[in-house]
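Reader: Mind walking me through this model? I'd like to go from the overall layout down to single residues.

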Amino acid sequence: MQMQFIPKYQTSGSAGFDIHAVEHTEVYPGETKVLKTGLSFEIPEGYELQIVPRSGISAKTKLRISNSPGTIDSDFRGEVGIIVDNIDFHSDKKIPYIIKIGDRIAQGKITPVIQATFIEVDNLEKTERGKEGFGSTGTGALNTINSSYDTKTTYVKPTYTTLTNDKKD
């Protein structure tokens, strides 16, 4: 029989609740695995469950949540899996990261969802930043998409609608 771990917040100020592994798993360097949680959620319409890393795991190991934040939509009813990568590529030894039953492997956050309606427009309002990206505001890092590479860009302007059913008095 599979052990069950009901999510809980560790402190009254915690934004995320802990999610536990329900089976022993070894993740070798370079591998990607989906960790079982044994949990399915009924998320209210207008919200999502975000799966985010635990800071201690990220700071102390090479285990990463692949698609962070992962999104669990309100209409999904299956078991939540946590997709992890062992990015310890520089290790001479092929030692796996071992996940034991009951280990806290991720955090969940219930957050409101805003959906947009998209319309095509002829142009976008100009800003100080313009088309510059990927480090253009200070790190000087990647700027692989620049204006010298001419592609057909469709300009899209979103309008927003919240999905929550909250009524204002």
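Reader: In what order do the elements of the protein run from the N terminus on?

Author: First, the ground rules: this is a predicted model, where local features need pLDDT of at least 70, side-chain atom pairs count only at pLDDT 80 or more, and totals for chains, interfaces and linings use all residues. Residues are numbered from 1 along each chain as its sequence is written, and side-chain values use heavy atoms, with hydrogens and water left out. Helices (H or I, at least four residues) and strands (E, at least two) are DSSP runs, numbered from the N terminus. There are one helix and eleven strands, and the order is β-β-β-β-α-β-β-β-β-β-β-β.

Reader: Which strands stand at the edges of the four-strand sheet?

Author: Two strands pair if DSSP finds at least two bridges between them. With antiparallel pairing, the open sheet has the order β1-β9-β4-β6. Each edge strand has a single partner, so one side of it is left without a neighbour in the sheet; these strands are β1 (17-20) and β6 (70-72).

Reader: And inside that sheet, which residue in β9 does Q50 stand opposite?

Author: Strand β4 (residues 47-52) and strand β9 (residues 104-112) run antiparallel, joined by six bridges. Opposite Q50 in β9 stands K109.

Reader: What does the twist average from one strand to the next in the three-strand sheet?

Author: That open sheet is antiparallel and has the order β3-β7-β5. Its edges are β3 (32-36) and β5 (63-65), each with a single partner strand, so one side of each lacks a neighbour in the sheet. Axes are lines fitted to C-alpha atoms, for helices over the stretch in contact, and angles run from 0 to 180 degrees between N-to-C directions. From one strand to the next, the twist averages 35 degrees.

Reader: Which residue in β7 is the bridge partner of I65?

Author: β5 runs antiparallel to strand β7 (residues 81-86), and three bridges join the two. In β7, I65 has as its bridge partner V84.

Reader: Which element gives the largest share of the lining of the largest cavity?

Author: On a 1 Å grid over the protein atoms alone, a cavity is a set of points where a 1.4 Å probe fits but cannot get out, and lining residues have an atom within 4 Å of a point. The lining is P53, R54, I57, S58, L63, R64, I65, V84 and I105. Two or more residues come from each of α1 (55-60) and β5. The largest share, three residues, is from β5.

Reader: What volume does the largest cavity have?

Author: Grid points are joined across faces, edges and corners, and a volume is the space filled by probe spheres set on the points. The count comes to one cavity of 30 Å³ or more. The volume of the largest cavity is about 50 Å³.

Reader: Is K36 buried, partly exposed or exposed?

Author: K36 sits in strand β3. Contact means heavy atoms within 4.5 Å, and, leaving aside neighbours within four places in sequence, K36 is in contact with H20, A21, V22, E23 and E79. Buried means under 20% relative accessible area, exposed over 50%, partly exposed in between (1.4 Å probe, protein chains only). At a relative accessible area of 37%, K36 is therefore partly exposed.

Reader: Which two residues does the cis peptide bond join?

Author: Look at the loop between β5 and β6, where P69 lies. Omega is about -5 degrees for this cis bond, and the two residues are S68 and P69.

Definitions and conventions:
On a 1 Å grid over the protein atoms alone, a cavity is a set of points where a 1.4 Å probe fits but cannot get out, and a pocket is an open set with protein on both sides within 12 Å along at least five of seven lines; lining residues have an atom within 4 Å of a point.
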